[in-house]
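Me: Please take a close look at one part of this model for me. I would like the metal site first, then the charged pairs around the chain.

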Amino acid sequence: MPALEHFNIEQVDKALDPCSDFFQFACSKWMKANPIPADQGGWGTFNALAIWNIAAIHKTLEEAAAPSPNRTPVQQKVGDYYASCMDEDAINKAGLIPLQPELHRIERLTNKSQLPEVIASIHQMIRPANLSYIDAAYQGALFGVYSQPGFDDARVTLAALDQSGMALPGREFYLNDDAKSKEIRDQYVKHVARMLELSDEPAARAVKDAQSVLAMETELAQAAMEIVLRRDPKNQNNKMSLQQIQALTPSFNWKRYFAAMQAPASPQYMVLAPGFFRGMEKLVQTHSVEQWRAYLRWSILHAMASSLSQPFVEENFDFFGRTLGGTKELQPRWRRCSSYADTDLGEAVGQAYVAKYFPPENKERMLQMVKAIKSALDQDIDAATWMSDTTKKAAHAKLAAQVDKIGYPEHWHDYSSVEIRRDDFLGNVQRSSAFEIKRRIAKFGTPSNRYEWGMTPPTVNAYEDAASNTINFPAGILQPPFFDAAAGEGINYGAIGGVIGHEIIHGYDDQGRKFDADGNLKDWWTPADAANYEERDKCITDEYTQDVPEAGAKQNGKLSAGEDTADNGGVHIALAGLANTLKSQGKDLDQPAANGATELQNFFLSWANVWCGEVRPEVARTLVITQGHSLARYRVNNVLGNMPEFGHAFSCRAGQSMVHANACRVW
Ligand SMILES: [Zn+2]
């Protein structure tokens, strides 16, 4: 096991000026000492903890894999799953044989009217995306289906249909016409052809098929909703009856699709991107059966690549790891297998993890911090000069109703119906994915459950969910350097406190503010207060609309608005929570802590410390183009440059880069 990293003041480079580039001041020594490993697309304190967690899971998986009659049913599942994944010889020997039934099903597609059943069979075996990453979900063949609380009435879970079916990281990768994008598409077509060839297609046919795959995915990308428009939940709130979706795509029989998925009827169907489904209709009409077979064959090979024999694993890594991610080497197999076990049987694997690494006293201290930070937001709302009392009242009500979930679920998923065999890795992946899909689909039309989790316990991440009005912190992030039972208040509030503040503020960012206390998409703002909000938020949007030289791309502040607003407000309320906590102990922010720095300095250094690290240029480009999180450097410098308290902590002067003349602040 690698060692856990604790916050260490010695890591600061005192030769640098904190007021000109705080990220460098706090992180350059760390980054010099911790270059990106060959098997990673980036490296930072986040990744180091994630690898520590995987190593922790790995230990319990190894123990569970030893075939002892004393194993519990949960140990049998996770142990045999892991053993099947580690048996690379057997996987290589079997080659394509375990996937043949699915490939034959696709070969038997002789008429496009059979598409619903064939697509349903693929959808039942592809790993569903992590709930909290649904916005980036391109994993399904053709389209995505999942369950989601209704926008207008979050008490009931409905079926949601979404754009998907593109293997590149976002629609921009198909549509942008700069040289880099074209180069990636050229490489992509070659990769698709090689995968098809590996599945025994003759070379000439594989090349032709790969070109139709790119053409079809490009049409899907053209029909897909643009990423910034997707950020407005109103654009996704399109409720339809089964008859209405049928009218949207007359050539695809939804009744038969849902029957093949064994899905219960949903009172309504949420079509998150109607334009996409109009594009899908055109795709069904205009492409030949041969082209559809090629697309589906590719979809399944792509989805299953990491569970197949070595040539598939290598080829998949060559494009998605090397070309797209800049990564040099595959991770060791034990680490990949441990991650797959976490993905496929997460709430079984997580039980041993929390028993060993998440003591109840950690949860107690987290609850105290959440309480202190929430009451800081209550004070902040009261003090706001730009909101009326009516809006303030609704804002307080929403905060009072926000549920905090810390560590792990109260009730674990019961995997007893999933058959896990020691000699069938691909089958284990398919059956555990089918179990999860079935579990989600069974929720159509049922009461929503706020207490379910969208991340597994060892995950180093956290999320806010607007529909359930919850903030969620898996046990995996409640470890040093984020949460450190041995560290002082300033250090903990700067790290996990900033994360807590960030998640709370998501309920009040440009998306979250559109949902009310009950998780319904309902406007609780007076028009004047909403206009004031927009004006304050525009300051942040403008600030983050910036060139990102390390990514070779320009950031769109409208895409990252939610995350940037959550950072700006989150660090602010975490600091106010720290000040209140110290005050209750008879101390203040300028007081020296055990390491000699003031509590206030520790707070800012600790926030920077959790972001120490960097990503490869290929990864930076994908992140900036396709998703809403600003790169680490900006999560430190842009956020702290907006805070006068930062200038005070490090005696910065007006005019220095870390002192913004026009300081943005919403919360
Ligand atoms: Zn966030």
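Reply: Start with two histidines. Both H502 and H506 are buried. This is a predicted model, and buried here means under 20% relative accessible area. H502 and H506 are four residues apart in helix α23, so about one helical turn separates them.

Now the metal. The zinc ion is coordinated by H502 through NE2, by H506 through NE2 and by E563 through OE, at 2.1 Å. Along the sequence, the donor spacing reads H-x3-H-x56-E. Water is not among the atoms, so the site may look incomplete.

Next, the charged pairs. The structure holds 35 salt bridges. Three of these pairs follow, then a network.

Take D162 and R230. These two form a salt bridge, with the closest N and O atoms 2.9 Å apart. D162 sits in strand β3, residues 157-163, and R230 in helix α10, residues 227-230, so the pair ties together parts that are 68 residues apart in sequence. How buried or exposed are the partners, D162 and R230? D162 is buried, at a relative accessible area of 1%. R230 also counts as buried, at 5% relative accessibility. Both values fall under the 20% cut-off, so neither partner is classed as partly exposed.

R322 and D318 make a pair within one helix. Their side chains meet in a salt bridge at 2.8 Å, N to O. Both residues lie in helix α16, residues 310-323. They are four residues apart, about one turn of the helix. R322 counts as partly exposed at 35% relative accessibility. D318 counts as partly exposed too, at 27%. Those values lie between the 20% and 50% limits, so both residues take the middle class.

The third pair is R513 and E534. Their side chains meet in a salt bridge, 2.9 Å from N to O. This pair links distant parts of the chain, 21 residues apart. R513 is in the loop between α23 (496-506) and α24 (527-544), while E534 is in helix α24. Helix α23 is also where H502 and H506 lie. The two partners fall into separate classes of burial: R513 counts as buried at 6% relative accessibility, whereas E534 is partly exposed, with a relative accessible area of 44%.

Last, the network. Salt bridges that share partners join E107, E201, R205, D209, R293 and R297 into one network.

Terms used. Residues numbered from 1 in each chain as written. Predicted model: local features only at pLDDT ≥ 70, side-chain atom pairs only at ≥ 80, totals over all residues. Heavy atoms only, no water. Salt bridge = Lys/Arg side-chain N within 4 Å of Asp/Glu carboxyl O. Helix = DSSP H or I, 4+ residues; strand = E, 2+ residues; numbered from the N terminus. Buried < 20%, exposed > 50% of the residue type's maximum accessible area, 1.4 Å probe, protein only. Donors = N, O, S within 2.8 Å, 3.2 Å for Na, K, Ca; no water.
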